[in-house]
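Open the model in your viewer and keep the selection box at hand. We will go from stop to stop, with a note on what to select and what you will find there.

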Amino acid sequence: MTQTYSLSPWSLSDLFPSLDSSEMKAAFDGLEAEVEQFESRRQQLTSNISNAAFMQIVKEYEKISNQAYRIYGFANLLFASDTQDQAATAFLGRVEQFMATLQNRSLFFSLWWKDIDDENAGRLMDTSGDYRYWLEEMRHFKPHTLTEAEEKIVNIKNVTGGSALRNLYDSITNRYVFKVEVDGEEKEMTRGELMVYARHHTPELRAAAYQELYRVYAQDAPILGQMYQALVRDWRNEQVDLRHFAGPISSRNLANDIPDEVVNTLLEVCERNAGVFQRYFRLKARWLGTDRIRRYDIYAPVAKAEKQYDFSDAAGMVIESFRDFNPEIAAMVQRVIDEQHLDSEVRKGKQSGAFCYSVAPELAPWVLVNYQGRPDDVATLAHEMGHAIHSMLASDHTLFTFHSSLPLAETASTFGEMTLIDRLLAQESDENVRRDLLFRQVDDAYATIMRQAFFALYERRAHEMVNQGATVDELADAYMENLKVQFGDAVELSDEFRWEWVSIPHIYQYPFYVYAYTFGQLLVLSLYQQYKAEGEAFKPRYLKILSSGGSQAPAKILAAAGIDIYSADFWQGGFDVVAGLLDQLEALPIQKA
Ligand SMILES: [Zn+2]
């Protein structure tokens, strides 16, 4: 059973042979005809519609969406395969425009559904089977929905308003060129290339990378800060004033289907546990041979380890680590590879980073990584395959309910990564490599849990301040205060970090999105703890969470697994796992890298 795997691009032929194929043309034509037919259903949508007629319309809507997702998925994946290809770029643009038109033409369905009285909605949901949660969720927005004419105006004005501002932010910041002197030579780089130096062995290079990053952002800070103020006002005008959400964060919470009080508890527990990662930074200072680390050093490596893993071995290890947990999920990873849905090689023009893209429940997801042989790359492969497994385990659900909701979206991926790291640690005899793996785990936990929680805390404050007329400088002062609470006296902060907030695309693009990362990572730490304590007995409970996909509210899916997200103790449990990791690290004899 020694199968070998090689680096390769993916195939999109399970979707379409090519963008100019007759199949693609037929798909566009078919979709056009189906939407026209769907529009004619408008008269049937009355409060006394029969259950059978309603379900037929829902299924037609699903069929249209499925075809649209296939075209949209193909366009996105083709673009990711080669972002420099003009035909792919133009096709993506055309598809986006087409989809926006389709969306507007079918808007009447969701508006009608939100508007119908509770009694008839209940009657129709009773026979809707697995579509139920999707229907329920739409109705959650009923008190926050405007009339059709108003919704259309909001949509149209968004294109040239908030959305245009966000695109402008992207255009401005993606043009930035950063310059750092490396080995006596000045190098020009992108932000992605620059931030590799945040993890460099040389302290001067780490400092230079951050100083250059914020030198460039600070130059535009008055403009970027002004854009942020406008977006925050726009958010408040729409979500609070027009749609009557209780506060700016509440509309995001409702979209995640997480009650406000749960998010408040989560963030409170994080703030209370700032000391856990401060303890980690003090430990890191000892390993780096200094009294106190600088903000520049928080991701500094403590061991010089340059272990490389051949791709075939890496793919084999990933499959084996999933097989150890459950043979069925290992078979799912195998399916992604066998169906050529994995793009693993590094290629010019290919999108950087990694992702997993699920088009529809009946198709194996597509996975993109840029494999370069480092331990991180092996972990990333396990992470993305975890996403694929999550979606395949939920493939019995409808197109609208198989995708997990955002707060649960990182469950299988992070869990898969942790089992893989444990496997690497168990097989590794080189102490340097082991230490590197252990410290990286805590580095990542910091970046996903505490850093994101403090972004969310800052957003909450900033939205309040902007509403009260705060200036850009006042917002920057508030950001520094936020960092001081986060790092205490464990990390030396320098002044350029006051501009970090204008460099975080998430707080511009998706206000209050970031706490979902904190939520997901703390949840997985707790689950992993349960797995270690219970072994086999834990597995069915975990698989049930994954196979629920997005067919129920996150709180309900987790409650069925005995998890109470309303309880501060539950979230504290995640921090206790981190504290346990720190106990292990503190027990290691210190060696200078
Ligand atoms: Zn992920």
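Start by selecting His387, which is buried, with a relative accessible area of 16%; buried means under 20% relative accessible area, exposed over 50%, and partly exposed in between (1.4 Å probe, protein chains only). Before moving on, note that this is a predicted model, in which local features need pLDDT of at least 70 and side-chain atom pairs count only at pLDDT 80 or more, while totals for chains, interfaces and linings use all residues. Residues are numbered from 1 along each chain as its sequence is written, and side-chain values use heavy atoms, with hydrogens and water left out.

**The zinc site**

Now add the zinc ion, His383 and Glu410 to the selection. The zinc ion is coordinated by NE2 of His383, NE2 of His387 and two OE donors of Glu410, at 2.1 to 2.7 Å. Donors here are N, O and S atoms within 2.8 Å of the metal (3.2 Å for Na, K and Ca), and sites may look incomplete because water is not among the atoms. The four donor atoms subtend angles of 52 to 140°, which makes the arrangement irregular. For comparison, four donors count as tetrahedral if all angles lie between 85 and 135 degrees; four count as square planar and six as octahedral if opposite donors are over 155 degrees apart and all others between 65 and 115, and anything else is irregular.

Along the sequence, the donor residues follow the spacing H-x3-H-x22-E. His387 sits in helix α17 and Glu410 in the loop between α17 and α18, so this pair ties together parts 23 residues apart in sequence. Glu410 is partly exposed, at a relative accessible area of 24%.

**Helix α15**

Next, select residues 311-325, helix α15. Helices (H or I, at least four residues) and strands (E, at least two) are DSSP runs, numbered from the N terminus. From first C-alpha to last, the 15 residues of α15 reach 22 Å, close to the 21 Å expected at 1.5 Å a residue; the expected span is 1.5 Å times one less than the number of residues.

How many residues of α15 are buried? Eleven of the 15 are, so colour them by accessibility and look for Phe311, Met317 and Phe325 among them. The buried residues of α15 pack against several elements, including α17 and α18, where contact means heavy atoms within 4.5 Å. At the N-terminal end, Asp310 caps α15, with a side-chain oxygen 3.1 Å from the backbone nitrogen of Ser312.

**Strands**

Select 178-182 and 185-189: these are β1 and β2, antiparallel strands joined by five bridges. Two strands pair if DSSP finds at least two bridges between them. Lys179 stands opposite Glu188 in β2, and in the hairpin, with two residues between the strands, Asp183 takes a positive phi near 50°.

Move on to the open sheet of three strands, ordered β4-β6-β5 with mixed pairing. Its edge strands are β4 and β5 (355-357), each pairing on one side only. β4 and β6 (residues 366-368) pair in the parallel sense over two bridges, and Asp343 stands opposite Leu368 in β6.

**Two loop residues**

Finish with Asp257, in the loop between α12 (250-256) and α13 (260-272), and Phe512, in the loop between α21 (505-509) and α22. Asp257 has a positive phi near 55°, and Phe512 a positive phi near 65°. Asp257 counts as buried at 15% relative accessibility, and Phe512 is buried with a relative accessible area of 1%.

Key
Polar contact = N/O pair within 3.5 Å; in protein donor to acceptor, adjacent residues only side chain to side chain.
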